[in-house]
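Hello,

Here is the structure I promised to pass on. Please have a look at it, and then read my notes underneath.

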Amino acid sequence: SNLLKDRLREIIPIKQALLRDIRKQYGQKEICKVTVDQAIGGMRNVFGLFYDISLLDSKTGITFRDYNIPEIQEYLQKAKNGNEPLPEALFWLLLTGDFPSDQEFKFVQEEWRRRGELDQETIKFITSLPKQLHPMTMLSSSILYLQKDSTFQKAYESGKASKPQYWEYYYEDAMDLVAKIPRVAALIYRHKYKNGDLISSDNSLDWAANYSHMMGFNQFDAYELFRMYLSIHADHEGGNVSAHATHLVGSALADQYLSYSAGINGLAGPLHGLANQEVLKWLIEIREKLGDKVSNEKIQEYVLNTIREGRVVPGYGHAVLRNTDPRYIHQKNFAERLIKNDPLVELVKQCYHVIPPVLKTIGKIQNPWPNVDAHSGVLLNHYGLKEFEYYTVVFAVSRALGCTANLVWARAFGLPIERPGSITMRWIEEKFGEN
Ligand code: AMX
């Protein structure tokens, strides 16, 4: 039997009824007012999206179905002798709202093993991509290529799919896409950086460890890093660029592949997921220019110079968070537990003390604290992933969990095509002008 789909079949009608009640009871309540400034300013604090699987609090950070990062670490299944949550369990939680039993966890793991292999055409497509492409471009293209296998697209085209069943096809596509994405990503890595010397999957490993293995990293601690990394990047509520882009494109009934490829394209922007490649570049630049054992004063100066040059300090600031990102703290704890004597990890720690006070002196910066990307690069680097151009791909493998889980629910709730209104300068002047 299909444990996860059966569970969804049970809870979807309950949640649908709940949503109907909520609309009946609160449908006409006002959530917030929208000012002209907000319309022009990237819709900060405009609550106009419905996204049920995770929520971001500006002070305490992300919760996945109401559970924060330390709770995720405590309650989700872990590998034998491991400390980090396993993404299979997180996916069950995101989809159902419950922690999985061991049997349910194993079900997801087995399904992903079963669905994860790539056919020869797909392997040929990926290993024929021009090597000069950015790995995020390769990933987005490869996900688009996999769209040939979309069960939703086929059912819709043949007229077989009726609206109440859409979510079932989105579920199938989510499971396939998530099962395959580590193989796609590892193939891109080996093709681009390792002369096409491919490594087959090892199905005795869990999903995250298998990804690490297919990249070529086989230490237990590297497995732990991938388990942790792929869990904490999975979702960040609905308004961030990758989640929002996926949700928006999906609202046009574009299938999971078309929708998540769009999300990946947004994640590839330097103000969003690409920041983790930028952080490592920036840290290495500091060490090249200032040497190791750099003083706090020199770092301060370097930060101010970066800003003077019109660049952003990567890894710091956030559109919503107003505190140190708990995902940063989680990675810091990981590093303190498992990594000794890595100069770049030490530099990240030093920056954590030095940079926020400097950014606070720049009045316009709303949040001087580090975000998730300030730490992840040095951890990947420590375990041998030196090609920092590739870092955002690991982020994208993780974000597939949240983005695809949300689309299953978007279809289960029967959410309509997203279509907010837009305004012009003339419209604003005519509406609010004196005459
Ligand atoms: N370095 C320098 N300037 C910064 C800054 C930083 N780290 N963070 C914000 N600012 C600047 C902005 O560029 C903006 O300047 P402007 O008015 O001249 O355009 C001003 O401060 C106000 O910005 P804000 O309201 O504090 O932030 P925002 O919501 O507009 O942007 C973010 C948020 C993340 C894009 C921004 O903080 C940034 O560019 N940070 C560096 C890149 C980064 O780490 N991105 C990753 C974010 C997490 C993620 O999505 N993965």
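Below is what I found, going from the overall fold to the ligand and then to a few local details.

Please keep in mind that this is a predicted model. The protein is built from 20 helices and three strands. Its C-alpha trace spans about 70 × 65 × 45 Å along the principal axes. The radius of gyration is 22 Å, and a compact globule of 435 residues would come near 22 Å, so the two agree. As for the interior, 43% of the 435 residues count as buried. Among contacts between residues at least 6 apart in sequence, 74% link residues that are at least 24 apart.

Now to the ligand. There are 21 residues around it, and those that come nearest are Ala275, Val312, Gly317, Ala319 and Gln366. By character, the shell divides into ten nonpolar, nine polar and two charged residues.

Two helices are worth a look while you have the model open. Helix H15 covers residues 296–308, 13 residues in total, and reaches 18 Å from its first C-alpha to its last, close to the 18 Å expected at 1.5 Å a residue. After H15 comes Gly310, with a positive phi near 80°.

The other one is H7 (residues 135–146), which contains Ser141. Is Ser141 buried or exposed? Ser141 falls in between: it has 17 other C-beta atoms within 10 Å, so it counts as partly exposed, given that buried takes 20 or more and exposed 12 or fewer. From Ser141 to Gly97 the C-alpha distance is 32 Å, with their positions 44 residues apart in sequence.

Best wishes

Notes:
Residues numbered from 1 in each chain as written. Predicted model: local features only at pLDDT ≥ 70, side-chain atom pairs only at ≥ 80, totals over all residues. Near = placed C-beta within 6 Å. Nonpolar A, V, L, I, M, F, W, Y, C, P; charged D, E, K, R; others polar. Helix = DSSP H or I, 4+ residues; strand = E, 2+ residues; numbered from the N terminus. Rg over C-alpha atoms; globule rule 2.2 N^0.38 Å. Contact = placed C-beta atoms within 7 Å. Expected span 1.5 Å × (residues − 1).
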